[in-house]
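Colleague: I'm new to reading models like this one, and I'd love a close look at a single part of it. Could you take me through the place where the two chains meet, and then show me what sits around it?

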Amino acid sequence: MEPAIELKKISKSFGPVQANKDINISVMPGTIHGIIGENGAGKSTLMSILYGFYKADAGEIFVDGKKISIPDSQAAIAVGIGMVFQHFKLVENFSVLENIVLGAESGALLSPSLSKARTELAELASEYELNVDPDAIIEDIGVGMQQRVEILKALYRKANILILDEPTGVLTPAEADQLFRILKRLREEGKTIILITHKLREIMDITDTVSVMRQGEMTATLKTDDTSPEDLAELMVGRKVLLRVDKTPAKPTDPVLEIQNLSMVDDFGVKRLKNINLTVKAGEILGIAGVAGNGQSELLQVLGGYSAATGVIKLNGSEIDLSTSVSGDGQARRAMGMAHVPEDRQREGLIMDFMAWENAVFGYHREKSNQANRFFMDNNAIRKETEEKMKRFDVRPPNPKLTAKNFSGGNQQKIVLAREIERNPDLLLVGQPTRGVDIGAIEFIHQQIVALRDQGKAILLISVELDEILSLSDRVLVMFDGEIMGERQPENTNEKELGLLMAGVSEEFAQ
Amino acid sequence: MDIMPKWVDIIVVPFISVLIAAVLSALLIIAIGESPIAALNLMIEGTLFRSAGWGYMLYYTTNFIFTGLAVSVAFHAALFNIGGEGQAMIGGLGVALVCLFIPWPHWTLAIIGASIGAAVFGMVWAGLPAYLQAKRGSHIVITTIMFNFIAAGVLNFFLVDVLKPKGSMDPASANFPTTTHLPTFQDMASIFGFEKAFRSAPANVSFFIAILACAAVWYLIWRSPLGYEIRALGKSGPAARYAGVRPVKIIMIAMMISGALCGMMAINTTQGESERLILNFTEGAGFIGIAVALMGRSHPFGVLLAALLFGFLYQGGAELALWTKIPRELIVVIQALVILFTGALSLMVRAPLERFFMSLQKAKA
């Protein structure tokens, strides 16, 4: 049988950077093929070449045994390649139907296209069990549904080869399972699926074959059954990687952070936090699990001092005045011993246009140690100190004059982490510490967080990655719709139980 | 790594932009029926080969430094202050009140007093839109430009109804006392025995205040924690909030510094040149400041160079209008072309240059 898609010696470079080097892939029809690799390994570049966003410098592409060229995405669609992007390309205020037709209208008038699409959509829905309401508005439906619309969009365009880029990044475990069911169904119907991901578990769960990329090269192509997560991780990183966090039992002592009856209403009058009560003790990591958007971000914002709230927050026994903390209180809290690794390092944690050394004092820039005198900052000292910090935290390259946006995701996160941890805080707030971070860096970041705990510091960890919560935390709280649904010990619970709590199923029922 | 070396970005890109603007202007001059070479010669001779030409050029440059710095400071906070005209007008009012109603014994004291008066008045005038932006979210571009018209009205009222001497038909204040007279470049040259240098040119000691302001702004933006916060807020609001920077405070401070700098332009025009408060003394310098800041890439040194260029264009334009058929308005066209190419179209120049440097890097690798 001819491979559904075959790449031969694809190369692509951007300036001096070789993003893809002599890539060979061949995927048989009716299979799910995984492509795994760290950030910057060249996965996305490769797929962009397949979808006609980039032109390869060299190499050949074959679809169903025929050599083709893909100058643009129209050409890719014409040969039956469909792409579901990590960030959905949907018009928020259009209906499902309108989004599916967009760009594939059959004539000058819209209504014939729409009615034609409606019947085809019904057929697709029954064929692949992809049910969506064609008249629902995109912004009103959940992320899982939106992803389905993206898949339907590709199928409507007669895609036989479906490429999905990090499809589970925004999904709950249940939604991810549903997606995998859909993908298996599509495979049964003879579609070929290419799944790009950095999650080893997904590769193991669903793919038939897997290719590993590292630094622009294809390091291996394997049958999934013949490999293990450890082997794949080693192929990705180029060395042995510890997948489980190595830590001793926690020795919690005095409470550092105490939260009582914390509630918060956002600018639109929606209640985001509802009577939160929790305590983080010195020497423990308290993990908060939950699907993104259930109040975790707001909790971090309130604690970080840039959203007003009602209730009581005590840090080291002294109460923080929440009434004045509408914004700009962050520096006072840092002085009290709080450090904060925000959820979104590119939006909040770093200024992408600032150099590394400028970012290394962000939030602490008015502290005495960073001042040369009353009026000016001691830039030379900051630069020197930053260079040392970057070396200690293995930031590559350790050049304090490089702009933040020029570092990879993992290295950016290390810059943030270095800044917050090196202050030796009593309490560390960490949001999504390893989002978009490569495996090698994840290991390092987890080690740093555990090391801080072992020094007797309190850590509040918020993450949407259940794996991370379960392996790092000493206690786990689950948040749903602004409320704490329950507390679990990571060793006595499992993903299924936490998944139910995350979906808002109440405590008694979940047990 | 950045694709281009910094010096290319700061010097070569603006230089090429100006060159393109110059070529287009040359075509325009040919269309009018004059020789562009002769016109350029005349501009250079009238501006750079005579000390009086220098005296005029530096006078304009002083204005443009102040307004250019003002726009730059606001730019760093991602605020577009196009109210420089109004802030300068109100600054002039401050200068006039200080010079007319306080008996100054000597100009050295008077210039300090006038600077404070100008800065405070400009600051207040910029502070109002800043407050509306910071607290109410009224867009600063809209409010500052409307405040220009209000400022013109206020100035008009003061000149016609308050400051105009009795019996005068001219909407202008009385002459300032002679003790407030600022030494011009001619006065200063005479001390060294060059009585004929800079004859009757308006450039005066406030030029040096403008240079000091450049240094002060550089220290503020790149050395002080306040400047750090201004730049942080300008680059990313959410990040600034995370770091505990108060946006309301920073918006207010950045705009008030900007307004103060605009206001200080009036020590050059009002105390230095006209020595009384007159209508329309700003002559569009508040708007030229936007071009100067764009071309100088919001860096004080760049602003200084751009202000010199625009000073040259202003003075050279006057020469052209005097000696050729080329109307003075053509200079406005040339300025517009410079603004177009250095501001709006700078990407047009930058993109091919980036490609060039990329291929250089590739060749090396």
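Modeller: Here is a walk through the contact between the chains, followed by the domains of one chain and a few single residues.

Some housekeeping before we start: residues are numbered from 1 along each chain as its sequence is written, and chains are lettered from A, with ligands numbered from 1, in the order in which they are written. This is a predicted model, where local features need pLDDT of at least 70, side-chain atom pairs count only at pLDDT 80 or more, and totals for chains, interfaces and linings use all residues, while side-chain values use heavy atoms and leave out hydrogens and water.

Now, the place you asked about. The contact draws 28 residues from chain B and 36 residues from chain A, where contact means heavy atoms within 4.5 Å. Together, chain B and chain A bury about 2,800 Å², with 56% of it on carbon and sulfur atoms. Buried area here is the accessible area (1.4 Å probe) that two parts lose on being put together, summed over both. B:Tyr228, B:Arg241 and B:Tyr242 supply 31% of the area that chain B buries against chain A, more than any other three residues.

What about charges? Side chains of opposite charge can pair when their charged atoms come close. Between chain B and chain A the count is four salt bridges, a salt bridge being a side-chain nitrogen of Lys or Arg within 4 Å of a carboxyl oxygen of Asp or Glu. B:Lys235 and A:Asp353 meet in a salt bridge, at 3.7 Å from N to O. The interface of chain B and chain A also has 16 residue pairs in polar contact, both residues at pLDDT 80 or more. A polar contact is a pair of N or O atoms within 3.5 Å; within protein, one must be able to donate a hydrogen and the other to accept it, and residues adjacent in sequence count only if both atoms are side-chain atoms.

On the chain B side, α8 (206–223), α9 (225–235), α10 (237–242) and α15 (346–364) each supply at least two of the residues that touch chain A. These helices (H or I, at least four residues) are DSSP runs numbered from the N terminus, as are strands (E, at least two). The largest share, seven residues, comes from α9(B). Sorted by class, that side of chain B has 16 nonpolar, four polar and eight charged residues. In this sorting, Ala, Val, Leu, Ile, Met, Phe, Trp, Tyr, Cys and Pro are nonpolar, Asp, Glu, Lys and Arg are charged, and the others, Gly among them, are polar.

Next, look inside chain A. Its domain assignment gives domain 1 (5–237) and domain 2 (255–347 + 426–510), with bounds that come from an automatic or database domain assignment. Domain 1 of chain A gives 10 residues to the contact and domain 2 of chain A gives 11 residues. The two domains bury about 840 Å² between them, 59% of it on carbon and sulfur atoms. Three salt bridges turn up across the interface of these domains, but zero residue pairs in polar contact with both at pLDDT 80 or more. A:Lys199 also pairs with A:Glu465 in a salt bridge, the closest N and O atoms being 3.9 Å apart.

Let's finish with some single residues. B:Ser115 belongs to helix α5 (residues 107–136) of chain B. B:Ser115 is buried, with a relative accessible area of 11%; buried means under 20%, exposed over 50%, and partly exposed in between (1.4 Å probe, protein chains only). Leaving aside neighbours within four places in sequence, B:Ser115 is in contact with B:Ile209, B:Met264 and B:Ile267.

Also in chain B, B:Lys325 forms a salt bridge with B:Glu34, their closest N and O atoms being 4.0 Å apart. B:Lys325 lies in the loop between α13 (300–323) and α14 (329–344) of chain B and B:Glu34 in the loop between α1 (6–32) and α2 (36–48) of chain B, so this pair ties together parts 291 residues apart in sequence. B:Lys325 counts as exposed at 58% relative accessibility, whereas B:Glu34 is partly exposed at 22%.

Back in chain A, A:Lys414 and A:Asp394 meet in a salt bridge (3.8 Å, N to O). A:Lys414 is buried, with a relative accessible area of 5%, and A:Asp394 is partly exposed, with 31%.
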